[in-house]
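Student: I have not worked with this structure before. Could you take me through some of the terms used to describe it?

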Amino acid sequence: YYRPTSKMFARNARTAAASGARLLNTSAKTASNNSALVGAAAAAVVGGCVMATEASPAQNASSLMSMLSSINDKVSNIEKAIGAAEEPVESFMFTSESVNEGHPDKLADQVSDTIVDACFAQDADSHVACETCTGTKFVMIFGEITTNAVFDYEAKVRQTVKEIGFDAPEKGLDYKTFKFINNIHAQSVEINASVSGRGQKPEEVGAGDQGHMFGYASNETPELMPLTHSLATGLGFQLTTVRKNGVLPLLRPDGKTQVTIEYEKKGGFIKPKRIHTVVISTQHDPAYTQAKLKEDLMEYVIKPIVPADLIDSNTIFHINPSGLFTIGGPEGDGGLTGRKIIIDTYGGWGAHGGGAFSGKDPTKVDRSAAYYCRWIAKSLVAAGLAERALVQVSYAIGVAEPLSVFVDTYGTGVKSDAEILSIIHDNFDMRAGMLVRELDMLKPKYKKTAAYGHFGNCARPADSDFTWEIPKKLKY
């Protein structure tokens, strides 16, 4: 754990006082003259003591012991007052979950972002708010779009469903035969007038809506994400990988994962200690026996992803704990865009402003400013300014400048939060139109964010389109 300067000072004072007390105690028992007490007094002075030399050795010893005890109490009070008290080491458990691309909510997210990409492939000034809902044998898109792009909406949607793996009715949806419904209409002219970038300078473009957005980073993993979230997401991506590459062809597209980790906590500093529980529920072909499924998932999904040094004899594995899972996708549950916002972000860590991402163009600060906040938080942690960081910004519709900016380093910063906030203002332009351009968001790159997390990039570590995952070199 990093120990701030204030804690080091208090610790040194306490150590000096304790050393003086130990030496005094020994000297009082063994000394026959004042010479040993002089040494004790010298040690005690380091802790802030002054003694009267006229008294007897026993009186001096008693007086110094009392003074050292008083100093110890005062140091404790000072530590509490300045927040430098030694924090107890605590343990806690935290859980994050993820869902695969074949989960009906994630299917909806990917369809919505397919439409965003199709618009931006032809018109960088597109305004898109595309929602998707899906259920038994149908997919419907609806919402508001203003764009000069011209394309076949139905063909785009069917292709996305095919790529996910829904190619037969028994899998929960068939891309060839499902009913497609298009209820898209144009964006409100009033909203468009206040947020349109057409004819405006980037620095003048107003936020597409009001709201508050968060970004988070933690040094638990190389991608500076919470380990629970990275493992749950990584397991889901691995399930899809072994399904699509033929290693486990009897798996089907739908699935969920969950990881519980026991952490050690000291103040705001946290450290993963061990994996407590891993849960995987995956759709599968009826020919797959539960015994063989569990064996294969341990070998080809869990072992490649979960660090062996965090697994012990008490780690619990629940693999398809409900038994058969052959009915999945939209046949098993209805799906809707924007219902997996915690999975999309930090797995329950940090905070969330409530706005979903998929289906929205970057004038919607729900998406673009949340990406920007992640960039800020990750840049702070990557620079060594803190071990954990949470950043919040807020906006009003049609207003370019953020209304507020907030940072919390959970007491892990090498500078105060006020100083780090100043660094943020000096290094990042948080105006709604400027942040979009700084992170190169006016291009078709959103469909691939719609499954396995918008942040952390653990499923796509070399993809430069995730610009918010490339830390900025800070000047301070």
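**Terms and the values behind them**

Tutor: Start with helix 4, in what is a predicted model. Helix 4 has 17 residues, and from its first C-alpha to its last it reaches 25 Å, close to the 24 Å expected at 1.5 Å a residue.

Student: What makes helix 4 count as largely enclosed by the rest of the structure?

Tutor: A residue is buried when its relative accessible area is under 20%. In helix 4, 17 of the 17 residues are buried, so the helix is largely enclosed.

Student: Why are helix 4 and helix 5 called oblique to each other?

Tutor: Two packed helices are described by the angle between their axes and the distance between the axes. The axes of helix 4 (residues 104-120) and helix 5 (residues 153-164) come within 10 Å and cross at roughly 135°. Angles over 145 degrees count as roughly antiparallel, and 65 to 115 as roughly perpendicular. The crossing angle of roughly 135° falls in neither range, and helix 4 and helix 5 are therefore oblique. Helix 4 passes helix 5 in a right-handed crossing.

Student: Which residues make the contact between helix 4 and helix 5?

Tutor: On helix 4 they are Leu107, Gln110, Val111, Thr114, Ile115 and Ala118. On helix 5 they are Tyr153, Lys156, Val157, Thr160, Val161 and Ile164.

Student: How do you know whether Thr134 is buried or exposed?

Tutor: Thr134 is found in strand 2 (residues 127-135). The cut-off for buried is under 20%; Thr134 has 4% relative accessibility, so Thr134 counts as buried.

Student: What is Thr134 in contact with, leaving aside its neighbours within four places in sequence?

Tutor: Its partners are Pro104, Leu107, Val139, Pro330, Gly334 and Gly335. As for Ile181, 47 residues from Thr134 along the chain, the C-alpha atoms of the two are separated by 10.0 Å.

Student: What makes helix 7 mostly covered?

Tutor: Of the 18 residues in helix 7, 15 are buried. Helix 7 (residues 227-244) reaches 25 Å from first C-alpha to last, close to the 26 Å expected. Gly246, with a positive phi near 90°, follows helix 7.

Student: How confident is the prediction, in terms of pLDDT?

Tutor: The chain averages a pLDDT of 88, and 83% of the residues score at least 70. Over residues 1-6 the pLDDT is below 50, and this stretch has 15 contacts in the model beyond near neighbours in sequence. Residues 26-53 also have a pLDDT below 50, with 36 contacts beyond near neighbours in sequence. Where pLDDT is low, the predicted coordinates should not be read in detail.

Conventions: Residues are numbered from 1 along each chain as its sequence is written. This is a predicted model: local features need pLDDT of at least 70, side-chain atom pairs count only at pLDDT 80 or more; totals for chains, interfaces and linings use all residues. Side-chain values use heavy atoms; hydrogens and water are left out. pLDDT is the predictor's confidence in each residue, from 0 to 100. Contact means heavy atoms within 4.5 Å. Helices (H or I, at least four residues) and strands (E, at least two) are DSSP runs, numbered from the N terminus. The expected span of a helix is 1.5 Å times one less than its number of residues. Buried means under 20% relative accessible area, exposed over 50%, partly exposed in between (1.4 Å probe, protein chains only). Axes are lines fitted to C-alpha atoms, for helices over the stretch in contact, and angles run from 0 to 180 degrees between N-to-C directions. Angles under 35 degrees count as roughly parallel, over 145 as roughly antiparallel, 65 to 115 as roughly perpendicular and the rest as oblique. A crossing is left-handed if the near helix is turned anticlockwise from the far one by less than a right angle, and right-handed if clockwise.
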